[in-house]
Structures are given as structure tokens and as C-alpha cells.
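I sat down with this one to see how its pieces fit together. Here are my notes, in the order I looked things up.

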Amino acid sequence: MIENPQIPTGRFAPSPSGRMHLGNVYAALLAWLSARSRGGRVVMRVEDLDPRAKSGPWTELLMDDLRWLGLLWDGEAVYQHDRLDLYEEAVCRLRERGLTYPCFCTRAELHAASAPHASDGTPLYPGTCRGLSPDQVAERSAGRPPAWRLRVPEPGDPAGAYAFTDRTFGAHRQELATACGDFLVRRSDGVFAYQLAVVVDDAEMGVTEVVRGRDLLDSVPRQLYLQDLLGLAHPAYAHVPLLTAPDGRRLSKRDRDLDMGELRARFGTAERLLGHLAFAAGLAPAADPVSAERLADGFNWDLVRAHREDIVPAPAARSPR
């Protein structure tokens, strides 16, 4: 593993597909506390690669909500749509080494062919297009543009087995060939894949620790593999418990579950909301109002680890007017 000697640097990486909900705020708070408690930096990246999540009115709301919470970042925000040259360069480097190949499989075909990936619904890719001849590639390209996949080592090859220790959920090990198979680095519509973009961005922005929701825990080995292929440092990872709605559903921007508009109305002040989250995370003995700066003074990942089960937000009364 490549060591990263830089100053502790965390990041906010919201997608402007809707207003932040309580789970987004929870992850952002812990990312901010982890970096600031050690005198580190926090950088802001707006993940707007997907045309369905282009920067618009949600971006300013995201930033306004973070400022209201007191979770300020260092420097100017960066936008993924401005960084396409960086992603193109990374894909070209992989392609020049023969590590990528065109794939013509549709999502429907993949879901029909295999069981979905355990955490994010991505099917285990069976290697359908891995051995296509140049003539077959040319023939299929005439019908539709291909996606591009990254080859992973064969089953049993130690180069494709990744072990890491998450700061919250402990030791994990995954073999890429049996967990996900060859995975996308660029979609058929030309959009660069999440795994590639975040690896390039985190390295270029000097990120040394990634704090995000537990639903992305299984993506770490793919990112470690990309980092190794591109000669990039490995950041530390901490995946935080997911917050669920009272009926057990994951919180969703689409459903406007406990979004920041509702939360600001219900709690009235940032300190009340932060106190609620600090208590849920095990960082405070009670849900008393508290500022982010105060929480940073006593932040410790051991406290979060002891409260790592998924959390159902408790109802909160509106603050008196």
C-alpha cells in the first residue's frame, strides 16, 4: 500500500440530485470532525458527472446547508464536470496497458444473467465481452457505442485480493473476480464511472481519508485496485452507519426523507440538530445542543465504532418560535 504523508484531509463529495437528508448530514459531520479533530483540512467536490445530477439549484442549497451547520470547507469547491480531462487521461493510461476493453452488454442483460452485487445492485460481470475479436468489436460498435471495463485479476490471483481495515467496520477482504468481476470505468453514454472519477479526484485533491455511508463499503477494493494501477496513494476509509426511516427504508433524496428543509424547520438551530446526531453517533451522552467545533474537541472513532448499527432517527419537536 502506498503511504500518503500529507496533512489529514477529508472531503465532502455531494451529488446535486436533491437536497441533503439526515443521512448525508450525518456522514458529512463525521467527515468534518475526523479531519478537524486532528488539525486537518476539508475539501468540497460536487459530484455532477451524471447528466441526471447536473449542478443546478441543489448545489447552492447543499452549500448553504453545510454553512448553516458550521461545516465549512477549505478553498474553493471543485466540480467534476470541469475535470473530464483528468478522467480521460486516467482511462487512456489504463487502455494503453491493455487493461480495458469495450463492453456491449446492456444493464437488462446483466441483471438477467447473474445475481446482483450484494451492496449496490451491480451484477457480477461474467466476462461476456472480454474475449471479443477486433472484427466482433467493429461489428457491434456499428450498432451501439460500447462501455469500457477494467480487467481484474483471475480468481485465485493474489493481485486481485484486497484486504483493508475500515475505521468503523473493521477488517474486510474481497476478491475482485468473485465479488464484482471486470467493472466499468466509462459508461456507453460516455460518462466516466464513479469508481474511476473518485479515485482520480481524491488523489488530485490530496484526500487522505474518505468518510461516507456504509452502502459504499464494498466499493473500496475496486478503488484500491485503481489506485495501485494508476500509482496513487491509498487514503484511509471510514464508512458510517446508514440512517433509516422509521419503517426501515433507507433515507432517499428522491423521497425527501428528513431533508434539510424539514430538518431546519424542526430543529430550529444547527446546534440542536448536531446535538441529535452527536448523541446518535455515540459522541455525546445526551442530545443537548452543541456546535461542530465543540464536537471536534472530543472526537474519537472508537465512540463511533461502538454505535455502528443502522440508526432510526428519533422524532424531534419544533423549536419554540
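**Entry 1: strand 4.** I began with strand 4, residues 100-103, in what is a predicted model. I wanted to know which of its faces are covered, and both turn out to be. T100 and P102 are buried on one side, while Y101 and C103 are buried on the other. That fits the usual pattern, since side chains in a regular strand alternate between the two faces of the sheet.

**Entry 2: the sheet around it.** Next I looked for the partners. Strand 4 pairs with strand 5 (residues 147-150) in the antiparallel sense, over four bridges. I noted P102, whose bridge partner in strand 5 is W148. Strand 5 also pairs with strand 8, again antiparallel, here over three bridges. In that pairing, L150 has F183 of strand 8 as its bridge partner.

Put together, this is an open sheet of three strands in the order 4-5-8. Strand 4 and strand 8 are the edge strands with a single partner each, so one side of each has no neighbour in the sheet. On average, neighbouring strands here are turned by 45 degrees against each other, direction ignored. Helix 8 packs on this sheet, touching strand 5 and strand 8, and its direction makes about 55 degrees with that of strand 8.

**Entry 3: charges over rings.** W148 came up again when I checked arginines against aromatic rings. The charged end of R95 sits over the ring of W148, 4.1 Å from its centre. I also found R149 lying over the face of Y125, at 3.7 Å from the ring centre.

**Entry 4: an aromatic pair.** How many aromatic pairs does the structure hold? I count three. I followed one of them, Y162 with Y225: the ring centres are 6.3 Å apart and the planes are at 65 degrees, so this pair is edge-to-face. Because Y162 belongs to strand 6 (residues 161-166) and Y225 to helix 8 (residues 220-230), the pair ties together parts that are 63 residues apart in sequence. Are these two residues buried or exposed? Y162 is buried, at a relative accessible area of 10%, and Y225 is buried too, at 6%.

**Entry 5: helix 7.** I then turned to helix 7, residues 194-204, which is mostly covered: eight of its eleven residues are buried. The buried ones are Q195, L196, A197, V198, V199, V200, D201 and D202. What covers them? The list includes strand 1, strand 2, helix 3 (84-96), strand 8 (183-186), strand 9 (209-213) and helix 8. Just after helix 7, I noted that G206 takes a positive phi of about 75 degrees.

**Entry 6: the parallel sheet.** Strand 1 and strand 2 sent me to another open sheet, with three strands in the order 1-2-3 and parallel pairing. Strand 1 (9-12) and strand 3 (78-79) each have a single partner strand, so each has one side without a neighbour in the sheet. Strand 2 (residues 41-46) pairs with strand 3 over two bridges, and V46 has Y79 as its bridge partner in strand 3. Helix 1 (residues 22-36) packs on this sheet, where it touches strand 1 and strand 2; its direction makes about 145 degrees with that of strand 2. Helix 2 (residues 57-69) lies across strand 1, strand 2 and strand 3, and runs at about 160 degrees to strand 2.

**Entry 7: the cores.** Which residues touch the most other members of the largest nonpolar core? Of its 44 residues, they are F12, L30, L33 and L71. Helix 1 gives the most to this core, with eleven residues. Leaving out residues up to four places away in sequence, L71 touches F12, A28, L29, W32, L66 and A292. There is also a second, separate core of 35 residues, which includes V191, L196, M205 and L224.

**Entry 8: F299.** My last stop was F299, in the loop between helix 11 (292-297) and helix 12 (301-305). F299 is buried, with a relative accessible area of 12%. Leaving aside neighbours within four places in sequence, the contacts of F299 are L30, L33, S34, S37, L283 and V304. I also looked up A284: F299 and A284 are 15 residues apart in sequence and 9.7 Å apart in space, C-alpha to C-alpha.

Conventions
Residues numbered from 1 in each chain as written. Predicted model: local features only at pLDDT ≥ 70, side-chain atom pairs only at ≥ 80, totals over all residues. Heavy atoms only, no water. Pairing = 2+ DSSP bridges. Contact = heavy atoms within 4.5 Å. Axes fitted to C-alpha atoms, helices over the stretch in contact; angles between N-to-C directions. Buried < 20%, exposed > 50% of the residue type's maximum accessible area, 1.4 Å probe, protein only. Core = buried A, V, L, I, M, F, W, Y, C linked by side-chain atoms within 4.5 Å. Phe/Tyr/Trp six-rings, centres within 6.5 Å; stacked < 30°, edge-to-face > 60°. Lys NZ or Arg CZ within 6 Å of the ring centre and 35° of its normal.
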